[in-house]
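Q: Please take a close look at one well-covered helix in this model and then follow the thread outwards to the parts around it. I would like a careful, connected account that keeps to what can be computed from the coordinates.

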Amino acid sequence: MGGLALGSAFDSKSGQMIMVALLLMIVSFYSGTLFGNNAPLYVSQLPYNSSSTPSSSPDIPKFTNKVVLTCRSMPLVIPETGINICPLEFNEYIPCHDPSYLDTMLPKFDLSRKEELERHCPPIQKRLFCLIPPPKDYKMPIRWPSSRDYVWHSNVNHTHLAEVKGGQNWVHEKDELWYFPGGGTHFKHGAPEYIERLGNMTTGETGDLRSAGVVQVLDVGCGVASFSAYLLPLGIQTMSFAPKDGHENQIQFALERGIGAMISVLSTKQLPYPTSSFDMIHCSRCRIDWHKFDGILLRELDRLLRPNGYFVYSAPPAYRKEKDFPAIWNKLMKFTTAMCWRLISRKVQTAIWIKEDNPSCLHHSAEQKLINLCDIADDSKPSWNIPLRNCVQYRNSGTSSSKLPSRPERLKVLSESLSKIGINQDEFESDTRFWQDQVHQYWILMNAEESEIRNVMDMNAFIGGFSAALNKLPVWVMNVVPANTNNTLSAIYDRGLIGTFHDWCEPFSSYPRSYDLLHANNLFSNYKNQGEGCLLEDIMLEMDRLIRPQGFIIIRDEQDIVSRIQELAPKFLWNVESQVLVQNKEKKMETLLICRKKFWAVL
């Protein structure tokens, strides 16, 4: 979806290009064409009736919402003045990755497994229940594709990455902006050259990653996601993730750039992605000890890789001969060989294995007691909060990625995973046509320019029809399949799309202000009567945390639910932009609500 021309970010004219780009950005800023409206409405931290409150000025809209640190009450009470606003210092609050809560839990964690970096959601009554403010001097994000290379400094006001990774060209400071040259730890001269080399290594110098059959990539420990950014011109979709650790705010940088990413870590639980979803898994100095814990982390990669998929490993054990690196390499070879992976290339600073589709080899390894074969897994269940399994899944040749076409043809093909969940060809084609029509109507109702929207989340994605309908727009979509439903995410990946499992009774693993558009089709009714923590107001609060200022929220649901959301929207500082009756897929009328978050800031 929406790519850029693949070329070096380090040519001889780079200085001139940077200056020209900066000039264009300044001109566009003042003309309002690149960044949109950068003027927030203000909420004062002073008492509302104070004579010194700036909102008493007739030129500034008055808000009754109070700036008060507020925790979730039981039962929930919504103030008449509107949802309280958290103090400014909570502008990066991520409930399930909250350091203050994690500090109280440290004695319970296995620190050798980095368990503290996993999701740990506080009890409901310890979660904040107030609107997360933007940071001081927050500006509307730079629009794609300029955002690939530049973001506002004040929107991610952290200098640590630039200080420790500037020499590897992750990110540099440039006055009011952050500049991303496209480098990484093992590709400091630019991702394009590195990606070209990987293509040569996977094809025996005869092609690129596309001809190697790579459509979807999992980037482990992605940094600021430059690898993903430069795969887009090849039509390759990447799920990038990294933990919230010492490399502060790397995922926030990625999302601010308009690149798909989320907070996650490979530790003690399965990653929230379905089995056999990726054609390539990439680790460039991803800081994971693959050789430890009897190879269990590698076995999770084996679960996620499609047959004939690749594991790309760019790290010191692949090329250095001193210290304990040779011993680590030998362990890696032992574990990968036992899983019937074959090393196909090892040069410069990178090693690449292929996961061969060889059931007889797996049986032989099991007979030699080199691996344990997993019991037959029920793939209809989402991979959510499931402990890692120290076994290798038996390969079903019917899931071979060779049977799936490349993008964009893959979007239109009824895959085996769709048939397994009872979707036939007529239903699939009907769903595809329905969402193409709905997306067209959405853009008319939102009255939005294409460039206004880059980061999109479908909060109840089903089989990915909404995402597929956005394919020709310059957006990327995080398709979320709720954990209390059947696994339709495998079908979404088979269509060449990306996404994750999630339980909306808990906050999502992302930074505030991550998305330009949230789509909630029958999401609230799916969580009806789920009890405390899953109330309509809880999900609305999480939506407000995830959506950017001036971002759009599209809600389709039962009439009583939509009416309640419309009633509550002003208390969340949302404008109700449109409310219309539309036909759903069953040809029944339902209410479509389009809200837009106000751009406000705390004085």
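**An enclosed helix and its surroundings**

A: In helix α7, nine of the nine residues are buried, so the helix is largely enclosed by the rest of the structure. The model is a predicted one, and the values that follow should be read with that in mind. The buried residues of α7 include the nonpolar Ile-296, Leu-297, Leu-298, Leu-301 and Leu-304, but also the charged Arg-299, Glu-300, Asp-302 and Arg-303. The cover over these residues includes the strands β5 (216–220), β8, β9 (305–314), β10 (341–347) and β11 (350–355), together with the helix α8 (325–338).

The loop that lies between β8 (278–284) and α7 (296–304) carries Arg-287, which pairs with Asp-245 in the loop between β6 (237–242) and α6 (250–257), so the two side chains tie together parts that are 42 residues apart in sequence. The contact is a salt bridge in which the closest N and O atoms are 3.6 Å apart. Neither partner is buried: Arg-287 is partly exposed at a relative accessible area of 46%, and Asp-245 is partly exposed as well, at 25%.

This pair belongs to a wider set, for the structure holds 27 salt bridges. In general, side chains of opposite charge can pair when their charged atoms come close. Another case joins Lys-528 and Glu-558, whose side chains meet at 2.8 Å from N to O. Lys-528 sits in the loop between α14 (523–526) and α15 (536–546), and Glu-558 sits in the loop between β16 (547–557) and α16 (559–568), so this pair ties together parts that are 30 residues apart in sequence. Here too both ends are partly exposed, Lys-528 at 36% relative accessibility and Glu-558 at 35%.

A buried counterpart is found within helix α15, where the side chains of Glu-542 and Arg-545 form a salt bridge of 2.8 Å, N to O. These two residues of α15 are three residues apart, about one turn of the helix. An α-helix has 3.6 residues a turn, so residues three or four places apart point the same way. Glu-542 is buried at a relative accessible area of 7%, and Arg-545 is buried at 3%. Elsewhere, Arg-72, Glu-532 and Asp-538 are linked in a network of salt bridges.

The nonpolar interior can be described in a similar way. The largest nonpolar core has 129 residues, and those with the most contacts inside it are Leu-218, Tyr-273, Trp-290, Phe-311, Met-457, Phe-524 and Met-543. If residues up to four places away in sequence are set aside, Met-543 touches Met-459, Leu-518, Ala-520, Phe-524, Ile-553, Ile-555 and Trp-574. There is also a second, separate core of 21 residues, which includes Tyr-442, Leu-473, Phe-552 and Val-582.

Strand β16 is mostly covered, with ten of its eleven residues buried. Strand β15 (residues 515–521) is joined to β16 by six bridges, and the two run parallel; within this pairing, Asn-521 has Arg-556 of β16 as its bridge partner. Six bridges also join β16 to strand β18 (residues 589–597), in this case with the strands running antiparallel, and Ile-553 stands opposite Cys-595 in β18.

A further piece of sheet is open and consists of three strands in the order β2-β4-β3, with antiparallel pairing. Strands β2 (150–152) and β3 (172–174) stand at the edges with a single partner strand each, so one side of each is left without a neighbour in the sheet. From one strand to the next, the twist averages 35°. The pairing of β3 with β4 (residues 177–179) is antiparallel and runs over three bridges, and Lys-174 has Leu-177 of β4 as its bridge partner.

One last local feature concerns helix α11 (residues 425–446), where Gln-425 is found. Gln-425 is partly exposed, with a relative accessible area of 34%, and a polar contact of 2.9 Å joins its side chain to that of Glu-429. Gln-425 and Leu-414 are eleven residues apart in sequence, and the distance between their C-alpha atoms is 6.4 Å.

Technical notes. Residues are numbered from 1 along each chain as its sequence is written. This is a predicted model: local features need pLDDT of at least 70, side-chain atom pairs count only at pLDDT 80 or more; totals for chains, interfaces and linings use all residues. Side-chain values use heavy atoms; hydrogens and water are left out. A nonpolar core is a set of buried Ala, Val, Leu, Ile, Met, Phe, Trp, Tyr and Cys residues joined through side-chain atoms within 4.5 Å. Buried means under 20% relative accessible area, exposed over 50%, partly exposed in between (1.4 Å probe, protein chains only). Contact means heavy atoms within 4.5 Å. A salt bridge is a side-chain nitrogen of Lys or Arg within 4 Å of a carboxyl oxygen of Asp or Glu. Helices (H or I, at least four residues) and strands (E, at least two) are DSSP runs, numbered from the N terminus. Two strands pair if DSSP finds at least two bridges between them. Axes are lines fitted to C-alpha atoms, for helices over the stretch in contact, and angles run from 0 to 180 degrees between N-to-C directions. A polar contact is a pair of N or O atoms within 3.5 Å; within protein, one must be able to donate a hydrogen and the other to accept it, and residues adjacent in sequence count only if both atoms are side-chain atoms.
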